[in-house]
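Please look through the sequence and the coordinates below before reading on. The text after them goes from the metal site to the strands and then to the empty spaces.

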Amino acid sequence: MIDIHCHILHDIDDGPYNIEESIEMAKIAHLDGITSIVATPHIKDTLIPPEIIQDRIDKLQSRLYQENVPVRILKGADVNVGIPPAFLNDYTINGTKYILFEFPHTHMPANARDLIFKAIIRGLHPIITHPERNPSVIKNPNLIVDLADSNTFIQITAGSLIGDFGPYAKHCAIHLLRLGVVHFIASDAHSSTWRKPVLSDGVKVAEKIVGTDAVYRMVMTNPHFVINGSPLNVS
Ligand SMILES: [Fe+2]
């Protein structure tokens, strides 16, 4: 599996405190069947220089090689939808046109469509992260259904499907799966203890709802296309 959303880099956001915990997270991911992780530090008020993100990745990758942990770390970011559009290209996934977009945790901004459009006219393909945890979407899932189209994709969190974010987020994640608007399941992991880089538990729940083939696309095929910058084959 490929995890396109994971706060695995240390001392850069609210993820792990040190590189030892990053390595522990990679080991957990490996045991769960994850082969590649997109490292996605929060980009919000502080625009972390892309070279710092890359430097952290290089250091982690070299430690993983030394310790025989066969997990590849790729560059990405968890980008707040409000950052100045001119900086968006610095924070795409693995240098492609795909970019993770996070909305405020409290609500869906009234200008969400405009913000997404500003990214699309720059040639980017936004992937909206964990809408199932957003109170506005929980209340009215059509807000996110209306945004998903041939250029804008949806990622839900594996933990939501097993109730880690409460019954409303779980119900909303399942509802979005049933509606067929989910393109990715990712971990959005932050640690080796309380929010771990594990996809398999959520995958099992999703498979019961939409079937094995659909879930395979969400954790294998679609992430593979994303990290390689290929078009997503969505109907
Ligand atoms: Fe995140």
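The paragraphs below take the parts of this structure in turn. The model is predicted, and local features are described where pLDDT is at least 70.

The metal site is a convenient place to begin. Four residues coordinate the iron ion: H5 and H7, each through NE2, and D78 and D188, each through OD. The distances run from 2.1 to 2.3 Å. What geometry do the four donor atoms give the site of the iron ion? The angles among them range from 82 to 175°, and the site is irregular. A tetrahedral site would need all angles between 85 and 135 degrees, and the range of 82 to 175° falls outside that window on both ends.

Along the chain, the donor residues follow the spacing H-x1-H-x70-D-x109-D. H7 belongs to the loop between strand 1 (2-6) and helix 1 (19-31), while D188 belongs to the loop between strand 9 (184-186) and helix 8 (200-210); the pair therefore ties together parts that are 181 residues apart in sequence. Both of these donors, H7 and D188, are buried.

The backbone at D188 deserves a second look. Its phi is near 50°, which is a positive value in a residue other than glycine. D188 counts as buried because its relative accessibility is 1%, and buried is set at under 20%. D11 also has a positive phi, of about 50°, although D11 is not a glycine. Is D11 buried or exposed? D11 sits in the loop between strand 1 and helix 1, and with 54% relative accessibility it counts as exposed. D188, by contrast, is found in the loop between strand 9 and helix 8.

The strands come next. Strand 1 and strand 2 run parallel and are joined by three bridges. One of the pairings sets C6 against A39 in strand 2. Strand 2, residues 36-39, is covered on both faces. S36 and V38 lie on one side, I37 and A39 lie on the other, and these residues are all buried.

A further set of strands forms an open sheet. This sheet has six strands in the order 3-5-6-7-8-9, with parallel pairing. Which strands stand at the edges? They are strand 3 (42-43) and strand 9; each has a single partner strand, so one side of each is left without a neighbour in the sheet. Strands of a sheet pair through backbone hydrogen bonds, either parallel or antiparallel.

Several neighbouring pairs can be followed across this sheet. Strand 6 (residues 98-102) is joined to strand 7 (residues 125-129) by four bridges, and the two run parallel. Within this pair, I99 stands opposite P126 of strand 7. Strand 7 in turn pairs with strand 8 in the parallel sense over three bridges, with I127 opposite F153 in strand 8. From strand 8 to strand 9 there are again parallel strands, joined by three bridges, and here T157 stands opposite A186 in strand 9.

Strand 8 can also be viewed by its surroundings. Five of the five residues of strand 8 (residues 153-157) are buried, so this strand is largely enclosed by the rest of the structure. F153, Q155 and T157 point one way from the strand, and I154 and I156 point the other way.

The last topic is empty space. The second largest pocket holds about 200 Å³. Its lining has 14 residues, and those closest to the centre are G159, I162, D164, K196 and V198. Helix 6 (158-161) and helix 8 are the elements that give two or more residues to this lining. By class, the lining of the second largest pocket divides into five nonpolar, five polar and four charged residues.

How many cavities of 30 Å³ or more are there? The count comes to one cavity. About 60 Å³ of space lies in the largest cavity. The residues that line the largest cavity include F103, P104, H105 and M108, and also T129, H130, P131, R133 and N134, with V137 and I144. In this lining, six residues are nonpolar, four are polar and one is charged.

Methods:
Residues numbered from 1 in each chain as written. Predicted model: local features only at pLDDT ≥ 70, side-chain atom pairs only at ≥ 80, totals over all residues. Heavy atoms only, no water. Donors = N, O, S within 2.8 Å, 3.2 Å for Na, K, Ca; no water. Tetrahedral: all angles 85-135°; square planar, octahedral: opposite > 155°, others 65-115°. Buried < 20%, exposed > 50% of the residue type's maximum accessible area, 1.4 Å probe, protein only. 1 Å grid on protein atoms, 1.4 Å probe; cavity = no way out; pocket = protein on both sides within 12 Å on 5 of 7 lines; lining within 4 Å. Points joined across faces, edges and corners; volume = space filled by probe spheres on them. Nonpolar A, V, L, I, M, F, W, Y, C, P; charged D, E, K, R; others polar. Pairing = 2+ DSSP bridges.
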